[in-house]
There are 2 protein chains.
Amino acid sequence: MDKPTLPKTKRGQARRAQILDAAEQVIGARGFSAASIADITRGAETALGTFYIYFASKEELFRELVQEMGHATRAQVAGAIAKAPDRLSAERAGLEAFLRFVAARPALYRIVEEARFADPEAYQDYFSGFAEGYATGLREAEARGEVSPGNAEVRAWALMGMAKALGDRFVLWDDAPDIEHVVAEAHRMICRGLAP
Amino acid sequence: MDKPTLPKTKRGQARRAQILDAAEQVIGARGFSAASIADITRGAETALGTFYIYFASKEELFRELVQEMGHATRAQVAGAIAKAPDRLSAERAGLEAFLRFVAARPALYRIVEEARFADPEAYQDYFSGFAEGYATGLREAEARGEVSPGNAEVRAWALMGMAKALGDRFVLWDDAPDIEHVVAEAHRMICRGLAP
DNA sequence: ATGAAACATGAATCAGTATTCATGTATCCA
DNA sequence: TGGATACATGAATACTGATTCATGTTTCAT
């Protein structure tokens, strides 16, 4: 009933990690409401009741997974962007890093999308936070003259949306993803647009 | 048990429509798995069992709602695009029509996004079908010299993703949507990109 | 007008599953 | 090394909700 604290022993820490891993797989595969606690503990090779030693509820576990995705994505993208010499290069590197992340952890990606319904606040916070950093980067680039003037917030959301849709179609739903090719094509449009 | 056929009497047709209307509202508000058949029939002011006279299951009803959204969106966007003198104008008109549709029928929009989980096949079909038409339009425009050369499929998905993200942030999650402004900003990026 | 087909009803059935709890077993510090 | 704390177990609880069905009522072609 009480909100569980973090585990204190080695064994406890290992169990909690097992459950989180299994949850990523099971919820990623079946979806949040279809995934039962029993499925998750079975995947973690532990007893049903053990779940509640570490998590107060299914919802709390879910929130933790969404946050994990947030941290992991930011880390991946930020790392890739850091080395870029200018903003347009950063756009390319960031998009590629995102698509590679989707390829590497499809279950987590799906979980975030499901948060739109299962935990709308966490979902909005996740993307709003991401968009804020994105827009700031664009404004700084604009000040340095690396991108044309324009509304940074609209651009940030538009670019995030592009990345998500490309992730769906050319990574998640594609048998033989060719990330490099997709990134190259998309980047050309990001830089120059459609105008002839 | 058998798959119900379409109703044969006036009364039956009216009942079925009542149930579909109520379902759009209830599933749009609570989400697919949280919305119970009882909620829906209550909204339709009819008895629980009546639902199964018209629909084989909750899933079948859901599929029908997703298809309805598909038809409605296409009609809206296609109508708006038809009058455009060239492709870049068409992009602007299509984006604006889409955002206005999201504003007008948020429940249907939400239902489509939930189909990603509740009925993945319908979801993929919906967007793949849309993308196909989109890509064809871009190829024809490229042939007419109205847009620069580039991979039409990647561009189509990227543009759809942009529209979805802008719909989320600046229509669904915004207290005072300013569609015209968002469209103007986004359209500039679609035409010219970020390059200075 | 009338009876067969169509439709309406809601209690009962059936299948789950989130969460709790009483009863153990492992861990680890004093 | 003992015992207090942390952790493990899975059957039992408590509840929800999709689907069925036996029993009416309405519609409408004849």
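This passage describes the fold of chain A, the relation between the two protein chains, and the surfaces that face the two DNA strands in a predicted model.

Chain A contains 9 helices and 0 strands, and its elements, read along the sequence, follow the pattern α-α-α-α-α-α-α-α-α. Along its principal axes, the C-alpha trace of chain A spans about 60 × 35 × 30 Å.

Within chain A, the packing of helix H5 (residues 87-104) against helix H9 (residues 179-192) can be described in some detail: the axes of these two helices come within 10 Å and cross at roughly 145°, and the crossing of H5(A) with H9(A) is right-handed. On the side of H5(A), the contact is made by A:Leu88, A:Glu91, A:Arg92, A:Leu95, A:Glu96, A:Leu99, A:Arg100 and A:Ala103, which meet A:Ile179, A:Glu180, A:Val182, A:Val183, A:Ala184, A:Ala186, A:His187, A:Ile190 and A:Cys191 of H9(A). By class, the residues of this contact between H5(A) and H9(A) comprise 11 nonpolar, 1 polar and 5 charged.

The relation between the two protein chains was examined by superposition. Chain A is superposed on chain B by a rotation of 179° with 0.0 Å of shift along its axis, at an RMSD of 0.3 Å; this is the relation of a two-fold axis. The same surface serves both copies, in that 100% of the contact residues of chain A recur in chain B.

Both protein chains contribute to the surroundings of DNA strand D. There are 25 residues around this strand, of which A:Lys8, A:Arg15, A:Thr46, A:Tyr54 and B:Tyr52 come nearest. Of the atoms of DNA strand D within 4 Å of the protein, 77% belong to sugar or phosphate, the rest belonging to bases. Polar contacts to the phosphates include one from A:Thr46, a polar side-chain atom of which lies 2.6 Å from a phosphate oxygen of DNA strand D, and one from B:Lys58, where an N or O atom in the side chain is 3.1 Å from a phosphate oxygen of the strand. A base is approached as well, since a polar backbone atom of A:Gly49 is 3.2 Å from a base nitrogen of DNA strand D. The elements that give two or more residues to this surface are helix H1 (10-30) and helix H3 (51-54) of chain A, together with helix H1 (10-30) of chain B, and the largest share, 3 residues, comes from H1(A). By class, the surface near DNA strand D has 10 nonpolar, 9 polar and 6 charged residues.

Around DNA strand C there are 24 residues, of which A:Ile37, B:Lys8, B:Arg15, B:Thr46 and B:Tyr54 come nearest. Sugar or phosphate accounts for 78% of the atoms of DNA strand C within 4 Å of the protein, and bases account for the rest. Among the contacts to phosphate oxygens of this strand, a polar side-chain atom of A:Tyr52 lies at 2.9 Å, and a polar side-chain atom of B:Arg15 lies at 3.0 Å, whereas B:Ala47 uses a backbone N or O atom, at 3.0 Å from a phosphate oxygen. At least two residues of the surface near DNA strand C are supplied by each of H1 of chain A, H1 of chain B and helix H3 (51-54) of chain B. By class, this surface near DNA strand C has 10 nonpolar, 8 polar and 6 charged residues.

Methods. Residues are numbered from 1 along each chain as its sequence is written. Chains are lettered from A and ligands numbered from 1 in the order in which they are written. This is a predicted model: local features need pLDDT of at least 70, side-chain atom pairs count only at pLDDT 80 or more; totals for chains, interfaces and linings use all residues. Side-chain values use heavy atoms; hydrogens and water are left out. A residue is near a molecule or strand if one of its heavy atoms lies within 4 Å of it. A polar contact is a pair of N or O atoms within 3.5 Å; within protein, one must be able to donate a hydrogen and the other to accept it, and residues adjacent in sequence count only if both atoms are side-chain atoms. Helices (H or I, at least four residues) and strands (E, at least two) are DSSP runs, numbered from the N terminus. Ala, Val, Leu, Ile, Met, Phe, Trp, Tyr, Cys and Pro count as nonpolar, Asp, Glu, Lys and Arg as charged, and the others, Gly among them, as polar. Copies are superposed by least squares on the C-alpha atoms of residues with pLDDT of at least 70 in both. Contact means heavy atoms within 4.5 Å. Axes are lines fitted to C-alpha atoms, for helices over the stretch in contact, and angles run from 0 to 180 degrees between N-to-C directions. A crossing is left-handed if the near helix is turned anticlockwise from the far one by less than a right angle, and right-handed if clockwise.
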